[in-house]
Amino acid sequence: MNIYNLYSGSWLSNCYVLISSGDDSRNHAAIIDPSTDADHIARFVESKNAFVDKIILTHGHFDHIMSLDSIRDITGASAYIHAEDAEMLEDSDKNAYSFFFGQDFSQRPAEFLLSDNDIIKLGNEELEVIHLPGHSKGSIALMGEGFLITGDTIFSEGFGRYDLHGGSAHLLKNTLNKLKEFDPQLIIYPGHGNSEKLGTALRNISYFLN
């Protein structure tokens with residue numbers, strides 16, 4: 001599976017495009033956290049001779065869903081989010097837009113709701129949904145062969161805040177300790193910042209886990 005980061009710049013958020021070939025000889029794409037301009041995403045996917053199968057959200061905060069409706073309109077793809085974060089798409093208080101900007105911002109409801117251990121097919125490959133509550137109630141990671149897309153749960157040198165709607169320091173600490181059980185050689189692709197080995201990222205936040 002090929003992973004591309006379309007860094008949005010404006011929100012300091014990463015938007016990933018995952019591409020896998022299928023039995024139909026076409027390239028299948030999944031857009032993860034559409035924060036950047038929808039036209040830019042669509043042009044990039046087209047340049048890879050791919051079509052968008054699905055749009056997957058690691059959580060419901062505004063900076064990871066900014067172009068969700070626009071890219072759905074362009075591609076016709078469906079949106080996926082964990083059931084615990086579904087309400088955030090339509091609620092400016094819960095997706096934190098009103099907290100930062102004092103204005104309303106919402107997107108349409110997701111077509112599909114995810115649960116822990118769900119398997120999402122992309123072409124000939126699979127992604128496993130890992131529920132990681134703490135940054136939000138429904139934060140998830142997506143695990144593929146050799147990698148973990150972690151949203152705002154863990155970064156290369158830190159972790160997501162837990163003082164917004166649905167956040168919990170206790171749950172986040174439990175979640176991060178849970179990640180110690182995973183292969184430390186997995187490459188994490190976080191919602192902000194650079195990729196890193198999971199083991200290194202966990203060592204960088206050992207002060208929070210002890």
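## A buried alanine in a loop

Let's start with a single residue. A96 is buried, with a relative accessible area of 3%. In this predicted model, A96 sits in the loop that runs between strand 5 (78–82) and helix 3 (97–101). What is the phi of A96? A96 has a positive phi of about 80 degrees, although A96 is not a glycine. To see why that deserves a second look, remember that most residues other than glycine have a negative phi.

D33 makes a good companion to A96. The phi of D33 is near 60 degrees, again a positive value in a residue other than glycine. D33 belongs to the loop between strand 3 (27–32) and helix 1 (38–47). Is D33 buried or exposed? D33 is buried, because its relative accessible area is 2% and the cut-off for buried is under 20%.

## The whole protein

Now step back and look at the full chain. The protein has six helices and twelve strands. Its radius of gyration is 16 Å, close to the 17 Å that the globule rule gives for 210 residues, so the protein is as compact as a globular protein of that length. If you follow the C-alpha trace along the principal axes, the protein spans about 50 × 40 × 30 Å.

How much of the protein is buried? Buried residues make up 52% of the 210 residues. The accessible surface comes to about 9200 Å², and 45% of that surface belongs to carbon and sulfur atoms. The contacts tell you about the fold too: among those between residues at least 6 apart in sequence, 60% join residues at least 24 apart. As for charge, the protein has 15 positive and 30 negative charges, and the mean positions of these two groups are 4 Å apart.

## Helix 1 and its two sides

Find helix 1 in the structure and turn it around. Among its residues, A38, I41, F44 and V45 are buried. These buried residues cover an arc of only 130 degrees around the axis, which puts them on the same side of helix 1. Which exposed residues are on the face turned away from that buried side? That face of helix 1 carries R43 and E46, and both are exposed.

Something has to cover the buried residues of helix 1. The cover includes four strands, namely strand 1 (2–5), strand 2 (16–21), strand 3 and strand 4 (50–56), together with helix 2 (68–75).

## Helix 2, a partner of helix 1

Helix 2 can be read in the same way. In helix 2, L68, D69, I71 and R72 are buried. Looking down the axis of helix 2, you would find these buried residues within an arc of 165 degrees, so they line one face of the helix.

What do the buried residues of helix 2 pack against? Their partners are strand 3, helix 1, strand 4 and strand 5. Just after helix 2 comes G76, which takes a positive phi of about 75 degrees.

## Helix 4, packed against helices

Move along the chain to helix 4 (residues 169–178), where L172, T175 and L176 are buried. The arc they cover around the axis is only 95 degrees, which puts them on the same side of helix 4. Here the packing partners are helices: the buried residues of helix 4 pack against helix 5 (198–204) and helix 6 (206–209).

## Two strand residues to compare

A141 is found in strand 9 (residues 140–144). With a relative accessibility of 0%, A141 counts as buried. Which residues does A141 touch, not counting those up to four places away in sequence? A141 touches E128, V129, I130, L132, L148, I149 and T150. You can also locate A141 by its distance from F155: they are 14 residues apart in sequence and 12 Å apart in space, C-alpha to C-alpha.

I119 is in strand 7 (residues 119–122). I119 is partly exposed, with a relative accessible area of 45%. Leaving aside neighbours within four places in sequence, I119 is in contact with E126, L127 and E128. Try finding D37 as well: I119 and D37 are 82 residues apart in sequence and 28 Å apart in space, C-alpha to C-alpha.

Notes: Residues numbered from 1 in each chain as written. Predicted model: local features only at pLDDT ≥ 70, side-chain atom pairs only at ≥ 80, totals over all residues. Heavy atoms only, no water. Rg over C-alpha atoms; globule rule 2.2 N^0.38 Å. Buried < 20%, exposed > 50% of the residue type's maximum accessible area, 1.4 Å probe, protein only. Contact = heavy atoms within 4.5 Å. Areas by Shrake-Rupley, 256 points an atom, 1.4 Å probe, with all protein chains shown as cover. Lys, Arg positive; Asp, Glu negative; His and termini not counted. Charge placed at Lys NZ, Arg CZ, Asp CG, Glu CD. Arc of directions from axis to C-beta.
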